[in-house]
Amino acid sequence: MSERMNEPCSRREFLRTTTRGAAAMSFGAFASGALGAPTTQPAPALPAGVLGRTKYPATLISYGAIRIEDQRGSRILKAAIDRGVNLVHTSASYVGGGSVRAVGGLFKADKRYRDKVFLCLKSYHPDRESEIDDMLRDLGTDHVDVVLTEFHKATPDRIGILQAQQDSLKKKGKVRHTGFVCHGDMNGVIELILEKAPDYFDVALIAMRLASLSDERKGDRADAESQRFLKNLQALRKQGVGILSMKSGAKDAVEKGAAVFQPHAKAVLEAGADSVLTSINTFDQVEMLDKLDLKSPHLSPAERKAVADFQDSSASACLMCATCTKACPQSLPVNDLMRIRLYHDTYGWHDHARREFARLGLDAAALARACGDCAACADVCPVGHVSAQAVHRVASYFV
Ligand code: SF4
Ligand code: SF4
């Protein structure tokens, strides 16, 4: 528990929250569940689409709760819902459980907020129903709208494992829709699902870096992987799978403000997402939602230029394609290590990076000496993002 989310609520933020009708959310009142009526807001600025076969009218921007915690997090989420955001994603792994508790804090204080959103839960352990039960308890609800279970490698057995989990949860009324999350071998996983279980999943939460390449990458290996990804995404949509985007660069775009985030979001939607999931951690970012104009799906020439400039600024960012992992002679989870590097170096989420590294079950000291003169991952990476040095650097954070 550190970093920016532990900043105390500033006086400016507190005043802004209370003047928006959330006066009853002062700490004491919040703790006792004495919320007032939902904030009176102008008509939501955010248009909605349809989330695949769930038919849910998901707003084009949705709320990733990966960095919120405590009562301040609950207030930020409330402000976002009051502005019209109607899809929320959380998991027990975010902020060491703080995210689920913050979301649950809002729902328990005013149950109407649970009914205002399509609630998505990420699951890591399909064989452990208590994982879902614990989250439901902390969220103060008896069901979620979709469970998104990890599916990062194209291993056919995984489909059956997810089906057993999700069929059981649906039968017991704990989950309404099926789903998976992938930020690993995206093309391999999507192609496997299209072949083996094209009608099973209702929703997919997909890393979308592959959808937004800088112009300088066109025509090279990255472009080939990207074209394959876009085709797979459209095939999933055609099957009725609702697409939530993550890791598209939206977090960075949000931090740059509406002038960058609006065109970025439109580009991600154009590529095939039904809703752009992004973490929203401050009241300023919530207020930015009011400035977005997403009514037209078409990007103006100025918006296309803004997207191109933004993509150029991250031309060597990891595409999350897992090509490196497949090439590693030591079967190291190289793409996961690069994702952890992103959390640690780029986002500054040191605690989250440490927890994710722990989940890999690797010995950091051994990893720091693992590669020798191997360069297999560097040779295949389409954007020059990875090397033995990069792997050792990640290991060094956790020795
Ligand atoms: S350099 Fe290291 S991480 Fe990369 S492929 Fe070789 S052994 Fe694997
Ligand atoms: S490091 Fe390179 S090969 Fe590995 S997932 Fe990222 S972009 Fe793909």
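**Figure 1. The shell around ligand 1 in the predicted model.** Start with who's here: ligand 1 is surrounded by Cys328, Pro329, Gln330, Leu332, Val334, Cys371, Cys374, Ala376, Cys377, Ala388 and Val391. Two helices to pick out are H18 (376-380) and H19 (388-398), each of which supplies at least two residues of this shell. How do the shell residues divide by class? Ten are nonpolar, one is polar and none is charged.

**Figure 2. The shell around ligand 2.** Here 14 residues surround the ligand, and the closest are Cys318, Leu319, Cys321, Cys324 and Cys381. On the helix side, look for H14 (323-327) and H15 (334-347), since each gives at least two residues to the shell around ligand 2. Sorted by class, this shell has eleven nonpolar residues and three polar ones, with no charged residues.

**Figure 3. Helices H8 and H9 crossing.** As a quick reminder, two packed helices are described by the angle between their axes and the distance between the axes. For H8 (residues 186-196) and H9 (residues 221-238), the axes come within 10 Å and cross at roughly 30°. The crossing of this pair is left-handed. On the H8 side, the contact is made by Met186, Asn187, Gly188, Ile190, Glu191, Ile193 and Leu194. H9 answers with Glu225, Arg228, Phe229, Asn232, Ala235 and Leu236. Class-wise, the contact of H8 with H9 is a mix: seven nonpolar, three polar and three charged residues.

**Figure 4. The buried face of helix H16.** In H16 (residues 350-360), the residues to find are His352, Ala353, Glu356 and Phe357, which are buried. Why do they line one face of the helix? Seen down the axis of H16, the buried residues fall within an arc of 135°, so they line one face. The general rule behind this kind of pattern is that an α-helix has 3.6 residues a turn, so residues three or four places apart point the same way. What covers the buried residues of H16 includes H15, H17 (364-367) and H19. Just after H16, check the backbone at Gly361, which takes a positive phi of about 70°.

**Figure 5. Asp336 in helix H15.** Is this aspartate, Asp336, buried or exposed? Asp336 counts as buried because its relative accessibility is 15%, below the 20% cut-off. Leaving out residues up to four places away in sequence, Asp336 touches His183 and Leu360. Leu360 lies within the residue range of H16 (350-360), while Asp336 itself sits in H15.

Definitions and conventions:
Residues numbered from 1 in each chain as written. Chains lettered and ligands numbered in written order. Predicted model: local features only at pLDDT ≥ 70, side-chain atom pairs only at ≥ 80, totals over all residues. Heavy atoms only, no water. Near = heavy atom within 4 Å. Helix = DSSP H or I, 4+ residues; strand = E, 2+ residues; numbered from the N terminus. Nonpolar A, V, L, I, M, F, W, Y, C, P; charged D, E, K, R; others polar. Axes fitted to C-alpha atoms, helices over the stretch in contact; angles between N-to-C directions. Left-handed = near helix turned anticlockwise from the far one by under 90°. Contact = heavy atoms within 4.5 Å. Buried < 20%, exposed > 50% of the residue type's maximum accessible area, 1.4 Å probe, protein only. Arc of directions from axis to C-beta.
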